[in-house]
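Open the model in your viewer and keep the selection panel at hand. The stops below go through a strand and its partners, then the enclosed spaces.

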Amino acid sequence: MLPKNCNPRAIAYFFLPIFLATFEPTDAVLSYEDEYYFCAEADRYNWTSHPCKRTCKDGEPPRQCLYVFVVEQYSTMSKACYDCPFNMADCYRPHCLPGDGRPKTVFTANRQMPGTPIEVCQNDLVVVEVRNTMLSESTTIHWHGFKQRGTPYMDGVPFVSQCPILPGQTFQYIFNATEAGTYFWHSHIGSQRADGLYGPLIVRPYPRSNPHRNLYTHDVHCMLLTDWMVQEGDDGFVEMYHYRSRVRPETLLINGLGRYQLFRRNNTSGQIFTPTETFMVQRGNRYRFRMIDAGAEDCPIEMSIDNHKLWIVSLDSNDVDPVEVDSLTIWPGERIDFVINANQRVGNYWIRYRGHGQCEPSNTTTGIYQVAILRYNGAANQNPSSAMGYNIPPMTNTTRIFNPYNRGTEAPPYIFINVPDLNASAPNDPSLTRRPDVQHYINFDFYPIDNYDFHRQNLYGYNQVPADRRMGTFQLNHISLKFPPFPLLSQWKEIEPDTLCNRTHTPRADCQREHCACTHVIQVGLNQVVELVLVDEGRYVVANHPLHLHGHFFRVVATENLRGNVTIDRIKEMDRRNQIRRRLDRAPIKDTMKAPGGGYTILRFHANNPGYWFFHCHFEQHTNVGMSLIFKVGEHNQFPPKPQGFPECGSYTPIAGNSFNQSG
């Protein structure tokens, strides 16, 4: 537990210079007394931000930055909130997490939501000590977008790169911030990300390596978005897959804040909501916003700012030639950096958000909307003059939309700007200058098959239950990923022959009609150029899945939404007829890309980072039911050596034959 007087906002501390000379990351475990001292000093000097959060100066040596994450279950609108929102000051008390104004059990690091920010300069060494103080939940932390080149054991995926961190255990993540950009960290277990265990990770460049240094004057604003519901994520998962498929987000949070309901009390008047996030600007300056979608559900978010244009300058930590738009849409796992010019009259302006996918208006819901405020210095502390309720109407009069929902490059470019339309700032790499060494087709849909986990054949099979209780099976190449009982990366010597599967080696003869579940691994040779052709068949459900690749960035060379039945054979035939246009010069670089429903997306990456790397849909529930696979890049003897004393785990079956097959 933390010392009782320690402000959790200051627990992300930095070792004082006297300690830096002898700092060894693997030994950097503070005693309770040392921790108390550092917390006391942090409160004394009002360290509300980490000393590694600084102006990055050319020629400055990199620093070693230590953070401590105390992970626990907590609650929004706890007793720490006192009379929030009737006394708005109470909403900003330490440990008060207003959320949308409703109490909910959440997972937090240092009782913050979003969690402790990590803001460093390029090439800093980052050490994060994760202390799991939960009673019964395990956890891991993934550093989303970090390639972890040379440190694959720090990737934070349970049973791929490490064992889960059990209650009472501590695990130190140690890695270099080698590439500047906007990243974020989040739990990679269950529904913990959906319930609050996430935070920003910003690596700022040195001026000489920043191609956009003249486009903005301030880099101070981070905008973390997430879809939100008062029901706990695991409970929603169980209801969705075992009761009825009607669970969906109820609102959006911006940096942990959002208005959802109007509060009333007998002796109060006027409209009272929980706090709305406010971003301050000074007229005449230009601001870089780092926008992160930490959401967990099928709820892509469109955003615009009244009276302000948006200049997109970076996607998923990779710079692009600036492009002006009126609104942009972001998917879970994506990051978009944009610049605004604060050139309007001094006042307050709505920042408007609306959800797509499950969050769009339907016959049973009005859709999901949210607001934040862009406030100029000198403006009154009040809502914009066009103030209205929390149900902000859809954005109108926009002429250029970036990354539109369920559209690819087939859309008119003067209205819709898609990812492949942007130019990467980085020069072409082998993924564009070389022909692919290997091409992998990956198809997916919402398959109406019996699934051992939630539609057991001859008991409550897919066609045996009412339509509103049917749940399709999300798979990649008709395979549901099942993790092994130990991490493939660190305990590969325990992998027995014929235990891994892929499209050509499956546990059943016909995976299109029978449920196939196994440890889905695709072998890739080290330094090969790999082309992935993602085929969203769109036959049963139209969704826009955001696919995320660990360990590598990829080039987005094509994406298109098609009509009719979409199959791998159809895409191959289109390719033979030269009907697919690949962008092979300065194609944008990303690590998360949405695939339009009923269409294709083509990605290329240079497999130069050996290890086992996770590839999955970034909708949390889809990952939890197996919409993922693992790329094995290189051979085991080419992997970086396992850290000394790295934790191991696995099954315990001392009686021969005591492992029972439960594949159906």
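In this predicted model, select strand E12, residues 286-293, together with E17: the two run antiparallel and are joined by 7 bridges. To see one of these contacts, pick Tyr-287, whose bridge partner in E17 is Ile-340.

Now add strand E14, residues 310-315. E14 also runs antiparallel to E17, with 4 bridges between them. Ser-314 is a residue to pick here, with Asp-337 as its bridge partner in E17.

Next, show E17 alone, residues 335-341, and colour by accessibility. Is this strand mostly covered or mostly exposed? Mostly covered: 6 of its 7 residues are buried. When following the side chains, keep in mind that in a regular strand they alternate between the two faces of the sheet.

Leave the strands and turn to the cavities. How many reach 30 Å³ or more? The count is 3.

For the largest cavity, with about 60 Å³ of space, select Lys-104, Ala-194, Asp-195, Asp-227, Trp-228, Met-229, Gln-231, Pro-249 and Glu-297, which line it. Coloured by class, this lining shows 4 nonpolar, 1 polar and 4 charged residues.

The second largest cavity holds about 40 Å³. Select His-142, Gly-145, Phe-146 and Lys-147, then His-548, Leu-549, His-550, Gly-551, His-552 and Asp-591, to display its lining. By class, the lining of the second largest cavity comprises 2 nonpolar, 6 polar and 2 charged residues.

Technical notes. Residues are numbered from 1 along each chain as its sequence is written. This is a predicted model: local features need pLDDT of at least 70, side-chain atom pairs count only at pLDDT 80 or more; totals for chains, interfaces and linings use all residues. Side-chain values use heavy atoms; hydrogens and water are left out. Buried means under 20% relative accessible area, exposed over 50%, partly exposed in between (1.4 Å probe, protein chains only). Two strands pair if DSSP finds at least two bridges between them. On a 1 Å grid over the protein atoms alone, a cavity is a set of points where a 1.4 Å probe fits but cannot get out, and a pocket is an open set with protein on both sides within 12 Å along at least five of seven lines; lining residues have an atom within 4 Å of a point. Grid points are joined across faces, edges and corners, and a volume is the space filled by probe spheres set on the points. Ala, Val, Leu, Ile, Met, Phe, Trp, Tyr, Cys and Pro count as nonpolar, Asp, Glu, Lys and Arg as charged, and the others, Gly among them, as polar.
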